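Take a look at the structure below. This report visits its charged pairs, its strands and its helices in turn.

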Amino acid sequence: MKQKLVVIGNGMAGVKCVEEIYELAPEAYDITIIGAEPHPNYNRVLLSKVLQGNTALADITLNDWNWYSERGINLLTGERVERINAEEKWVLTASGKKIAYDRLIIATGSSAFMPVLPGIQKPGVTTFRNMEDCQAMMEASQRFKRAAVIGGGLLGLEAARGLLNLGMEVDVVHNAGYLMNRQLDRMSANLLKDELMKQGMRFWLNKRTEKITGVRRASGLLFSDGTTLAADLIVVAIGISPNLAVTADSGIRTNRAIIVNDYMETNIAGIYAVGECAEHQETVYGLVAPLYEQAKVLARHLCEVETEGYHGSIPYAQLKVSGVEVFSAGVIRDEEAETALQHYDAMKGTYKKVTMQGGIVAGAVLFGDSSEGSKLLGYLKRRAGIGVLKESDSGSKTGGADAVAAAMPDGETVCACNGVSKAAIVAAIHAEGLESADQVRDKTKASGSCGGCRPMVEALVAYALSGVGGAVKAAPICGCTELDPAGLKEAMLGDTFSDAASARMALKWNKSEGCFICQTAMGYYLRLAATSVAGDVPGQAKLHYPTLQSVLLSASTQGEGSSNCPISHADRLEVGGPGYIAAELEKALGSLASPTMLKASVSAGALYPAGVLVHDVGIAASPAGWELYIGGHMESPVKQAQLLMIEATEQRAAETAIACMQWYRQTAYYGEAVWKWLERVGLIAVREKLLDPDFREELLGSWQLERNRETCTV
C-alpha cells in the first residue's frame with residue numbers, strides 16, 4: 001500500500017523534490033501538494049520578465065496542470081495550511097480540509113521582508129515576490145509615472161528594470177554605499193551602476209528610509225537625513241523572511257527558519273523541510289541551486305536510496321542583471337580575503353576578480369562576461385589552489401565565451417540547478433537539431449531555473465553549430481573515409497544500402513574493400529537497420545559483433561552464504577530475486593549485437609557486492625525496490641555508474657534495463673561505450689525516455705522482434 005506524502009507549498013523547491021521522487025520511485029507515494037497561490041508551479045526567478053510586460057505566466061510555468069494529473073498528484077491551489085498535528089499526522093487548511101499524511105514536507109518558502117516603517121501599509125506600497133505583485137505593479141504603471149524601489153540588491157534592480165520597461169521613472173534607494181554589496185565588490189558595483197544609469201535608473205545610495213509619506217495613498221519617502229523623494233508607487237525589495245506560521249504549536253523546532261539535519265528532517269520523525277523555509281547548519285539559502293540540491297537529497301532519502309546527505313552549498317549568483325552578465329560566488333569582501341587576480345578591460349566592459357584564503361581560491365566576481373562562472377565555481381567547490389588561475393586568466397583573454405565553451409571538459413556541469421553537463425547539451429543540439437538556447441532549455445532544462453548559465457548555454461549553441469572558437473571536427477572512424485562515427489551512422493541508416501560494398505562505393509570510400517574497423521561498423525549498422533539478415537559484410541569473412549559478455553551476480557544461495565559469479569552458475573541460485581534479473585538480462589541481450597561488449601552486474605544488496613557501480617548496467621536490491629544504475633566503467637578511465645531509477649519488482653527492473661540497452665543499441669555509435677553514450681545523451685534524457693510508457697513499450701517491442709529474428713537465423 002502506498003504511503004501518503006503531503007507537501008505544503010507548490011513552489012520550486014517542494015515540486016523539485018516531488019519530481020525527483022517520481023523519477024526514483026513513481027509508485028512509492030500518494031502525493032498531495034497544497035499551494036497558497038492559484039497557479040501551478042512557476043519559475044519565480046523569471047518574474048522580472050513578466051513584470052517587463054513581454055512574458056506571460058504560461059511562459060514561466062515549470063509544471064502545468066496536466067503534469068500533476070498525469071502523475072496522479074492531488075494539487076490543491078489557493079489553499080493555506082493553518083495547523084499541523086504531528087501526533088495524529090494530519091494538516092488542516094484554512095477552508096477546513098483535514099488531510100492525513102504518513103510523511104510531510106514543509107516547503108512554504110519565504111515572503112518579502114517588510115520593515116517596520118510608518119506608512120508601510122498605505123495603498124501604493126507593494127513587494128516584488130509573486131504574480132500578484134507583478135500584476136499590481138503593471139496596473140500602477142498605467143495610472144502613475146514615478147516609482148521608487150527600496151533595495152539595491154538583485155531583486156530590487158530586477159524590479160527597477162521591469163518598471164523602466166513599463167514606462168515609469170525609477171529611483172532606487174539603497175542603504176549601502178554601492179549596489180549589490182553582498183554579491184559584488186565596489187569596482188564591479190560601480191560598473192553596474194554606470195550601466196544602469198545609462199538605461200535610465202536613478203540611485204540614492206547610503207539612504208535610510210524613515211517614513212513613507214502621503215495621506216490616503218503613498219506619495220514618497222522621507223529619509224533619515226531629512227531629504228525626501230516623491231513617488232507614486234513604492235516597491236519594497238530588501239530581503240526575504242521564511243514562512244514559519246504553519247509550524248506554530250506543532251512542536252517543530254525553528255530558529256531563523258525550520259531546523260533540519262543532513263537529510264532535511266526536522267526534530268519530529270517523518271516531517272521534513274526544504275527550500276527557503278529550511279535552516280541547515282545555521283544557514284538559510286535563498287538561491288535555486290542549493291534548494292534543488294536539498295530537494296534531491298530529500299527525495300533520495302524518502303525513496304530509501306542511499307545518499308550522503310546534504311552538507312551545505314556554496315551560494316552563488318550567475319544572472320543577467322538588467323541585461324548585464326554578472327557572476328558572484330564565495331568570499332569577495334576585501335576584509336575577509338586577499339585578491340589573487342584582478343582584470344579590467346575598459347574596451348570590452350568586462351571585469352574579473354578572484355579572491356583567495358591561504359593560497360586557496362575563495363571567491364570570484366565577474367562582470368560583463370560570466371562565461372567562466374561554472375569553471376570558477378568548480379574551483380571553489382574543490383578548494384583548488386590559486387595555481388589553477390594561470391590557465392583561467394589566460395583563457396579569459398583569448399576569445400571569451402566561445403573559447404571557454406571549447407575548452408570546457410565534456411563532463412563539466414553547465415547548469416548546476418538541473419545537473420546538465422556540456423556533453424549533454426552538445427549531444428542534444430546535434431541529435432535534436434536544436435538551434436537556440438531556448439530550445440536547449442526546453443529539451444535539457446539547462447538555464448530553465450535560475451537562468452544563470454544562459455550565457456554559457458548560448459556559447460555552447462554557437463560552438464556546436466558553427467565550430468568556431470576552438471571547436472574541433474570529430475576524427476574520421478578510420479583512414480578509409482572522412483566520415484566520423486556520427487556521420488557514418490547517419491549515412492548508413494539514412495539510406496537503403498543492400499550491402500556494405502555498395503555503401504562504400506556510394507560514400508566514396510578511399511579503399512574499395514575497407515578495413516576491419518569500418519567493415520564491422522558498417523555491418524553493425526546494416527544489421528541494425530535490418531537490411532542484412534545476418535548482419536555480415538558480403539565478400540568478407542563472417543563478422544562477430546559485441547554482445548552481452550557477462551552478468552556478474554552476487555546473491556544469497558541455498559545454504560552457501562553468498563555467491564559472486566557469472567550467470568552461468570545461476571542454476572545454483574534462488575528462484576526469483578537477483579537470479580531472475582540476471583537470467584533475464586543474459587537471455588535478452590546475450591545474442592544481440594551491441595556497439596560495444598556489455599557487462600552487467602546484479603546484487604541482492606549491500607551485503608553482496610558485485611561491482612554494481614562499475615558495470616555498464618548495475619542492478620541492486622534496496623528497501624525501496626531495485627536500483628538501476630548505468631554507465632559504470634572499471635577500467636581507465638574509471639567511471640561511476642549513475643542512478644537511472646528505482647523499480648518495484650524484479651520484472652520491471654529487468655524490463656527497464658533491457659529497454660535502456662535497446663535505446664543504447666539504437667542510438668550509440670559503433671564502438672561507443674555506455675558511459676560515453678550517457679555523457680553524450682544525458683542522464684535526464686534517458687530517464688525521461690524510459691518513463692514514457694509508449695516509448696518504453698516501443699523499445700521492448702523492437703527488442704523482441706530482433707531477438708525473434710536472431711533466434712530464427714541460428
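Arg71 counts as partly exposed, because its relative accessibility is 28%. The model shown here is a predicted one. Arg71 has a charged partner: Glu70 forms a salt bridge with Arg71. Glu70 counts as exposed, because its relative accessibility is 60%.

**Salt bridges**

Side chains of opposite charge can pair when their charged atoms come close. How many salt bridges does the count come to? The count comes to 26 salt bridges. Three of them are listed here, among them the pair of Glu70 and Arg71.

| Salt bridge | Closest N and O atoms |
|---|---|
| Glu70 and Arg71 | 3.7 Å apart |
| Lys352 and Glu372 | 3.2 Å apart |
| Arg652 and Glu647 | 3.6 Å apart |

Are Lys352 and Glu372 buried or exposed? Lys352 is buried, and Glu372 is buried too. This pair links distant parts of the chain, 20 residues apart. Lys352 sits in strand E24 (residues 350–357). Glu372 sits in the loop between strand E25 (360–367) and helix H9 (373–381).

Now take Arg652 and its partner Glu647. Arg652 counts as partly exposed, because its relative accessibility is 37%. Glu647 has a relative accessible area of 5%, so it is buried. Elsewhere, salt bridges share partners and build one network. Its members are Asp438, Arg441, Asp442, Arg454 and Glu458.

**Two hairpins**

Strand E4 (residues 81–85) pairs with strand E5 (residues 90–93). The pairing is antiparallel and runs over four bridges. Arg83 has Leu92 in E5 as its bridge partner. The hairpin of E4 and E5 has four residues between the strands. There, Lys89 takes a positive phi near 60°.

E5 is also joined to strand E6 (residues 98–100). These two strands run antiparallel, with three bridges between them. Leu92 appears again here: it stands opposite Lys98 in E6. The hairpin of E5 and E6 has four residues between the strands. In that hairpin, Gly96 takes a positive phi near 100°.

**A parallel sheet**

Next comes an open sheet of five strands. In what order do the strands lie? The order is E9-E16-E10-E11-E12, and the pairing is parallel. Strand E9 (125–127) and strand E12 (202–204) are the edges, and each pairs on one side only. Neighbouring strands are turned by 25° against each other on average, direction ignored.

Three bridges hold the parallel pairing of E9 with strand E16 (residues 233–236). Thr127 has Val236 in E16 as its bridge partner. Helix H6 (residues 154–165) lies across four strands: E10 (146–150), E11 (169–173), E12 and E16. H6 runs at about 170° to E11.

**Two packed helices**

Two packed helices are described by the angle between their axes and the distance between the axes. Helix H19 (residues 650–667) packs with helix H20 (residues 674–681) at an angle of about 80°. Their axes are 11 Å apart. Because angles of 65 to 115 degrees count as roughly perpendicular, H19 is roughly perpendicular to H20.

Which residues make the contact? H19 brings Cys660, Met661, Trp663, Tyr664 and Thr667. H20 brings Val674, Trp677, Arg680 and Val681. These residues divide into seven nonpolar, one polar and one charged.

Definitions and conventions: Residues numbered from 1 in each chain as written. Predicted model: local features only at pLDDT ≥ 70, side-chain atom pairs only at ≥ 80, totals over all residues. Heavy atoms only, no water. Pairing = 2+ DSSP bridges. Axes fitted to C-alpha atoms, helices over the stretch in contact; angles between N-to-C directions. Contact = heavy atoms within 4.5 Å. Parallel < 35°, antiparallel > 145°, perpendicular 65-115°, else oblique. Nonpolar A, V, L, I, M, F, W, Y, C, P; charged D, E, K, R; others polar. Salt bridge = Lys/Arg side-chain N within 4 Å of Asp/Glu carboxyl O. Buried < 20%, exposed > 50% of the residue type's maximum accessible area, 1.4 Å probe, protein only.
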